Amino acid sequence: LSGTSVEDPVLMSKIRQNLREKHARHIADLRAYYDSEIQSLKQQLEASHKTASDFCNLYVLNRCDQLDAALNEASARIKALENKNNMLEKQVADWRERFYAASNTSKVLQERIEEMRTSNKDKDNTISRLKSRLTDLEEAFEKAYKLSDNKNTRLKEENKMFQNLLGEYESLGKEHERVKDTLNTTENKLLDANTQISDLKR
């Protein structure tokens, strides 16, 4: 523009008006463009939200089904374990009673064995004393047989005493054997009871 036209107020007014109109049109175009883009993005976002919502709902339903199945399985497993635990508790109580019974039986048998051993020891001592007396009587019998004037009478008396003593000795011997047999039987029972206790302890 020449210097004259730049200084022309009418021309400058038209130029400014044209610039304002172009600027307004440009702003309007930009606004329309961005409004359209925003609307398109909103539609895409809504569609995305719907798809995501459907997917999430389906995932949640599937997950709920899985968790429900797992819960049912866990409940059944817990029930089975509770039943098994109750059975084991009953079995342990039964074993405990059997163990106590076997222990008491073992204790009673042990006491009986000790009593039999004591009695057997006393009878052994008695048998030893009887053997000693028998020896003394045999010696006395021989002396009496040699020194007695009435040999037949003394012989009968000594023989009678000898036979009585011999009978007592044999009787004690038989009793001693019976006590030994009873002791062996009781010791076998004690061994069986201890074996049972060991099994129950295991």
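Visitor: Why is the contact between K123 and E175 called a salt bridge?

Guide: A salt bridge is defined as a side-chain nitrogen of Lys or Arg within 4 Å of a carboxyl oxygen of Asp or Glu. The side chains of K123 and E175 meet at 3.1 Å, N to O, so the pair satisfies that limit of 4 Å. In this predicted model, local features need pLDDT of at least 70 and side-chain atom pairs count only at pLDDT 80 or more, while totals for chains, interfaces and linings use all residues. Residues are numbered from 1 along each chain as its sequence is written, and side-chain values use heavy atoms, with hydrogens and water left out.

Visitor: Which parts does the pair of K123 and E175 tie together?

Guide: K123 belongs to helix α2 and E175 to helix α3 (residues 151-201), so the pair joins parts that are 52 residues apart in sequence. Helices here are DSSP runs of H or I with at least four residues, numbered from the N terminus.

Visitor: What makes E175 count as partly exposed?

Guide: Buried means under 20% relative accessible area, exposed means over 50%, and partly exposed lies in between (1.4 Å probe, protein chains only). E175 has a relative accessible area of 27%, and therefore it is partly exposed.

Visitor: With which residue does E175 form a salt bridge at 2.3 Å?

Guide: That residue is R178, and 2.3 Å is the distance between the closest N and O atoms. E175 and R178 are three residues apart in helix α3, which means that about one helical turn separates them. R178 has a relative accessible area of 46%, so R178 is partly exposed.

Visitor: How many salt bridges does the structure hold?

Guide: There are four. One of them links R117 with E114, whose closest N and O atoms are 3.6 Å apart. Both residues lie in helix α2, three residues apart, about one turn of the helix. R117, at 40% relative accessibility, counts as partly exposed, and E114, at 38%, is partly exposed too. E114, R117 and E187 are linked in a network of salt bridges.

Visitor: Why is the aromatic pair of Y33 and Y34 called edge-to-face?

Guide: Rings of Phe, Tyr and Trp (its six-membered ring) pair if their centres lie within 6.5 Å; planes under 30 degrees apart count as stacked, over 60 as edge-to-face and the rest as tilted. By this rule there are two aromatic pairs. For Y33 and Y34 the centres are 5.3 Å apart and the planes meet at 70°, so the angle falls in the class over 60.

Visitor: What makes the pair of F99 and Y100 tilted?

Guide: The ring centres of F99 and Y100 are 6.1 Å apart and the planes stand at 55°, so the pair is tilted. Y100 is partly exposed, with a relative accessible area of 48%.

Visitor: Which residues form the nonpolar patch on the surface?

Guide: I27, L30, Y33, Y34 and I38 form it, with about 460 Å² of accessible area together. Patches are made of residues with over 30% relative accessible area and no salt bridge: like charges are joined within 9 Å, and nonpolar side chains (Val, Leu, Ile, Met, Phe, Trp, Tyr) within 5 Å. Y33 has 48% relative accessibility, Y34 has 49% and I38 has 44%, so these values lie over the 30% limit.

Visitor: Which residues gather in a patch of negative charge?

Guide: D136, E138, E139 and E142 do so on the surface. Asp and Glu count as negative. E138 is found in helix α2 (residues 9-147) and, at 35% relative accessibility, counts as partly exposed.

Note on methods: Areas by Shrake-Rupley, 256 points an atom, 1.4 Å probe, with all protein chains shown as cover. Charge placed at Lys NZ, Arg CZ, Asp CG, Glu CD. Helix = DSSP H or I, 4+ residues; strand = E, 2+ residues; numbered from the N terminus.
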